[in-house]
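Grab a coffee and open the viewer. Here are some short exercises, each with a worked solution to follow along.

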Amino acid sequence: MKTGRVLKVAFKGLGKNKLRTFLMMIGIVIGITALTLIVSAGLGAQNRVMERVKKFGLESMMVFAGAGREVGQPTSGQPATTLSLEDATMLKQEIKTVADVAPFGRKGQSEVKFQEKSTTTTVFGVTPSWAPVWDWDAAEGDFITDEDMSNLARICVIGPTVQKELFGTANPIGEQLRIGSVQFEIRGVMQAKGTSPAGGDMDDRIYIPLTTFMRRVANVDYISAIKIRLNTSKDMAKTAADINALLRERHKLAVGTPDDFTITTPTEVTKMAEKVAGTFNIFLVLVAVISLIAGGVVVANIMLISVNERRKEIGLRKAVGARRKDIIRQFLYEATAVTLTGGVIGIVLGAIGAKILEAFTQMPMAVSWESVALGVVFSTLVGILAGLQPAKKAAALQPIEALR
Amino acid sequence: MNNNVIQGTNLAKIYNKGGGGEVGAVQNVSVEIRRGEYAAIMGASGSGKSTLMNILGCLDKPTSGSLKLDGIEVSTLTDEELARVRNKKIGFVFQSFNLLARTNALENVELPLIYSDKTDISRLARHALESVGLADRVHHNPSELSGGQQQRVAIARALVTDPEIIFADEPTGNLDSKSSLEIMALFQQLNEKGRTIVLVTHEPDIAQHARRIIQIADGRIVSDEVNPNPRVAEQEMSALLPKEVAHENR
């Protein structure tokens, strides 16, 4: 029998039993829809992690004051006082691979007021080098200058989140706001950067000159951390070792005493971010596999019932001259058509669902066609294998036994 | 040329019963069906007549014996070759019609053809339906047809491959007497045109339409005689007609 004829028979069979075909398909549709959604969510989360790592910069390092500090972990208890502005200057001078440094001080939970409105935000004392080192400048107005540094100027650049909270849509540049009891003039608004690798809002910040920060706001003689921009992303470990040696020498740490600072490289940032996403992904893959298996079992069940129910049809077909392989092929094509169609519908529904979810929950979604295709192949295989065994059995019967 | 469409020699079908016992549904039957014959195999239920027909029609395999169909020894054929024989040489008509549900008359009649190497399937099927008087029912589904019409679709399906022989297993078993006569008339017409027909029935009235009657009991042939005066279904129908008209006009 010609393939075209068998295909026609298979499709006619499906059309004639719409409920059975629908039930068979729905299992696959649900399985593949779930798979598409889940894989999209997982991949989206992974993409977001990579984005965050890129925000941190692949050719950069961070030196934090204090030992054993992890990125993103809130500093507990007494702030570390071990890092000085001088340390930053020396790093830039002494280590060849260091292109630039951006030392900064940081004060969380600072009360900021504009007229009657107030908000709590993090105040950053930074140098002009912040902009090139982080590749992060003022979007409107200007960033902090060297002059501001030497004048201990009371000017600030605010993050978009702070702008939204205190000014709404009004232009804040030139306005005066109060950080604690000190009055600042707003010089600019930063570019939006979104979420940090650790998940914090990088736009909920106010930047002031580092000198002003140390003398007038925090009243300290130390800094919180130094962001370092390197000439190259190669030899990261060597540079880290050089920085470590220099700082130990400057801090006069004897051999055997632990570091009083922490160096963080992009590798560590990636690891940290992946740890968060990894747990999420394992869970998602589990759900996806379960939904696919459930879909496959549904198809298997209905195929099995269908073949048994259609023994008479098989007997008749054999009586009028169908060969064993004609029967097997008919069932094979039916199962393939159903699962394949169901798979395609599932992918479309899943992709649409992903877009909708993305729009409503801000959850990043990225459809991975490779894994979805794999899911379709898998469910098709399940359908075929489930249909094949009973079809083979029925096709092997003498026609009269099947007809009875 | 061999004039026997069917030549069965010492055919037997033995079923194993639970507990080691054996039942011989058909025991050492030798039978010949000649080209153009219209034979009825008659017997009570359980006599083995249907089993014999299934063996002769290659729907079932005999436990032992030899069967030649149109000169070909079929007892040694593979499943695939048997399917080919069933497709080309044999047509079946069943008691319960065995039409595919939700499938119109035309597609039901096309069924044997899709397993053949014929190409003008639709034309052949239409022609077969015309020959059984159903030209105007081509696109009706079985559920939209009367029992008699359904059986005629089944007969068209048996005829469509132009087989050497048609086997009919209790073809009137599910029909009222009027439809039964219509079917019997159709078989007689076909036989007059030269078609070889084997009819299986337990009803003597039905068997009387055939020109040869083979009686089966306990899996053996007990008599095999020419029917000197076969009933003519057409005449019986016209005898039936005035009564019905009278009944309706009363």
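**Exercise 1. Find the hairpin of strand 9 and strand 10 of chain B, and work out which residue takes a positive phi there.**

Keep in mind that this is a predicted model. Start with the pairing: strand 9 and strand 10 (residues 220-226) of chain B run antiparallel and share six bridges. Next, pick out one bridge: Arg212(B) is partnered by Val226(B) in strand 10 of chain B. Now look at the turn, where two residues sit between the strands. The residue you're after is Asp218(B), with a positive phi near 50°.

**Exercise 2. Put the strands of the open sheet in chain B in order, then say which ones stand at the edges.**

Step one is the order: the six strands go 6-7-8-3-9-10, and the pairing is mixed. Step two is the edges: strand 6 (90-93) and strand 10 of chain B each have a single partner strand, so one side of each is left without a neighbour in the sheet. Step three is the twist: ignoring direction, neighbouring strands are turned by 15° against each other on average.

Now check what "mixed" looks like in practice. Strand 3 (residues 38-42) of chain B pairs with strand 9 (residues 212-217) of chain B in the parallel sense, over four bridges. In that pairing, Met42(B) stands opposite Gln215(B) of strand 9 of chain B. Strand 7 (residues 165-169) and strand 8 (residues 196-201) of chain B are parallel too, joined by five bridges, and Ala168(B) faces Leu199(B) in strand 8 of chain B. For the antiparallel sense, go back to strand 9 and strand 10 of chain B.

**Exercise 3. Which strands does helix 1 of chain B lie across, and which does helix 5 of chain B touch?**

Take helix 1 (residues 49-56) of chain B to begin with: it lies across strand 3, strand 7, strand 8 and strand 9 of chain B. Its direction is at about 155° to strand 8 of chain B. Then move to helix 5 (residues 147-159) of chain B, which packs on the sheet and touches strand 6 and strand 7 of chain B. The direction of helix 5 of chain B makes about 170° with that of strand 6 of chain B.

**Exercise 4. Describe how helix 3 and helix 8 of chain A pack.**

You need two numbers here, because two packed helices are described by the angle between their axes and the distance between the axes. For helix 3 (residues 85-94) and helix 8 (residues 236-250) of chain A, the angle is about 135° and the axes are 11 Å apart. That angle makes helix 3 of chain A oblique to helix 8 of chain A. The crossing is right-handed.

Then list who makes the contact:

- From helix 3 of chain A: Asp87(A), Met90(A), Leu91(A) and Glu94(A).
- From helix 8 of chain A: Ile243(A), Leu246(A), Leu247(A) and Arg250(A).

Sorted by class, that gives five nonpolar, no polar and three charged residues.

**Exercise 5. How many residues of chain A are in contact with chain B, and which helix of chain A supplies the largest share?**

Count both sides: 19 residues of chain A are in contact with 20 residues of chain B. On the chain A side, helix 1 (3-16), helix 10 (311-319), helix 11 (324-361) and helix 13 (399-403) each supply at least two residues. The largest share, five residues, comes from helix 10 of chain A. By class, the chain A side has nine nonpolar, two polar and eight charged residues.

Notes. Residues numbered from 1 in each chain as written. Chains lettered and ligands numbered in written order. Predicted model: local features only at pLDDT ≥ 70, side-chain atom pairs only at ≥ 80, totals over all residues. Pairing = 2+ DSSP bridges. Axes fitted to C-alpha atoms, helices over the stretch in contact; angles between N-to-C directions. Parallel < 35°, antiparallel > 145°, perpendicular 65-115°, else oblique. Left-handed = near helix turned anticlockwise from the far one by under 90°. Contact = placed C-beta atoms within 7 Å. Nonpolar A, V, L, I, M, F, W, Y, C, P; charged D, E, K, R; others polar.
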